Amino acid sequence: ALHQIITEATPMQSVKTVMLVAWATAAAGMYAFGRGRFGVRGGILAAFSYLVSAPIAFTLPYQLGEVPYLLALGLLPCAAAAVDALWRAGDRRAFGLALLSCVAFCLCDSRVTLFGGVVLGFVALSGRMYAPIEVRSRHALYIVILVVLTVLLSAFYWLPALLERNAVRWLSASVPSYAASIPLSESLLGTPYYDLSAQNPPALLSVGLGTVIMAFLALAVAGQQ
């Protein structure tokens, strides 16, 4: 909506712009995260495997039209890379970037915030090994402050519903049909033929053959090194 107001573009152009921003953010964030932990080759493999995964490349943008969800999955690796950078550097620039990334991620889509929070929690715990031993305690304090500030800065998004919970109609958090468990044989399939004439095409459950190939390629490269 802001893009449409500022640029006077059509809603379709604004949606396409957000989709392009989400893809570019996903590629840059996953590359930065993979490069920080596994080097340049690891960053390239991580970025490509993330972009060719079925949810980002096909299901969310084309089948479901979940633009906020797509933007959230684009910002998730950026937040992970920023948290890792905070562990390593521990300066104001790294802290500000991590805070901006985490708050932006939390404000994208409430459904993926809990899942992404668990992922970022694992990233924060495992990122401790990248901090110098003499400053780990101080950087750990920065991580705690980051979590507190993220919750406070995003409070306007969730606090009203919590305080006025008696006036809010809560919906059950049922698992959507496309988030059910996927058989191994189906998860290894590639992207099926997309019928442009279909009004409601079935959601794609496949993880994507490209993701599987990239994962095996990463294991092969890691074994050689």
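When I say helix or strand today, I mean a DSSP run, at least four residues of H or I for a helix and at least two of E for a strand, numbered from the N terminus. With that in hand, here's the overview: the protein chain has 10 helices and zero strands. Walk along the sequence and the pattern you read is α-α-α-α-α-α-α-α-α-α. Please keep in mind that this is a predicted model.

A couple of whole-chain numbers before we zoom in. The protein chain has 225 residues, and 34% of them are buried. As for contacts, take those between residues at least 6 apart in sequence: 66% of them join residues at least 24 apart.

Okay, let's start at the beginning of the chain. Between α1, which covers 2-7, and α2 there's a loop, and E8 lies in it. The phi of E8 is near 55 degrees, which is a positive value in a residue other than glycine. Is E8 buried or exposed? It counts as exposed, because its relative accessibility is 73% and the cut-off for exposed is over 50%.

Next up, helix pairs. Two packed helices are described by the angle between their axes and the distance between the axes. So that's how I'll introduce each pair.

First pair on my list: helix α2, residues 11-51, with helix α3, residues 54-64. They pack at an angle of about 165 degrees, and their axes are 11 Å apart. That angle makes α2 roughly antiparallel to α3, since anything over 145 degrees counts that way. The crossing of α2 past α3 is right-handed. Who's touching whom? On the α2 side you have M19, W23, Y50 and L51, and on the α3 side I56, A57, P61 and Y62. Sort the residues of that contact by class and you get eight nonpolar, no polar and no charged.

While we're on α3, which of its residues are buried? Those are A54, I56, F58, T59, L60, P61 and Q63. Their cover includes α2 and α4. And just after α3 you hit G65, with a positive phi of about 65 degrees.

Now back to α2 for a moment, to look at F38, which sits in that helix. F38 is exposed, with a relative accessible area of 59%. Where things get fun is the sequence separation: F38 and A222 are 184 residues apart in sequence, while their C-alpha atoms are 9.3 Å apart in space.

Also on α2 is R37, and that brings us to salt bridges. How many are there? The count comes to one. The partners are D84 and R37, whose side chains meet at 2.7 Å, N to O. This pair ties together distant parts of the chain, with D84 in helix α4, residues 67-88, and R37 in helix α2, 47 residues apart. Are these two buried or exposed? D84 counts as buried because its relative accessibility is 2%. R37, at a relative accessible area of 19%, is buried too, since the cut-off is under 20%.

D84 got us to α4, so let's stay there and bring in α5. α4 and α5 pack at an angle of about 155 degrees, with 8 Å between their axes. So α4 is roughly antiparallel to α5. Here the crossing of α4 past α5 is left-handed. α4 brings A72, L75, L76, C78, A79, A82, V83, A85 and L86 to the contact, and α5 brings A94, F95, L97, A98, S101, C102, A104 and F105. By class, the contact of α4 with α5 comes out as 16 nonpolar, one polar and no charged residues.

Let me pick out S101 from that list. You'll find S101 in helix α5, residues 92-106. S101 is buried, because its relative accessible area is 11%. Leaving aside residues up to four places away in sequence, S101 touches C78, A79 and A82.

Last pair: helix α7, residues 136-153, and helix α8, residues 155-163. Their axes come within 6 Å and cross at roughly 65 degrees. The meeting point has V151, L152 and L153 in α7 against A155, F156 and W158 in α8. Split that contact by class and it's six nonpolar, no polar and no charged.

That's my tour, so over to you.

Conventions:
Residues numbered from 1 in each chain as written. Predicted model: local features only at pLDDT ≥ 70, side-chain atom pairs only at ≥ 80, totals over all residues. Heavy atoms only, no water. Axes fitted to C-alpha atoms, helices over the stretch in contact; angles between N-to-C directions. Parallel < 35°, antiparallel > 145°, perpendicular 65-115°, else oblique. Left-handed = near helix turned anticlockwise from the far one by under 90°. Contact = heavy atoms within 4.5 Å. Nonpolar A, V, L, I, M, F, W, Y, C, P; charged D, E, K, R; others polar. Salt bridge = Lys/Arg side-chain N within 4 Å of Asp/Glu carboxyl O. Buried < 20%, exposed > 50% of the residue type's maximum accessible area, 1.4 Å probe, protein only.
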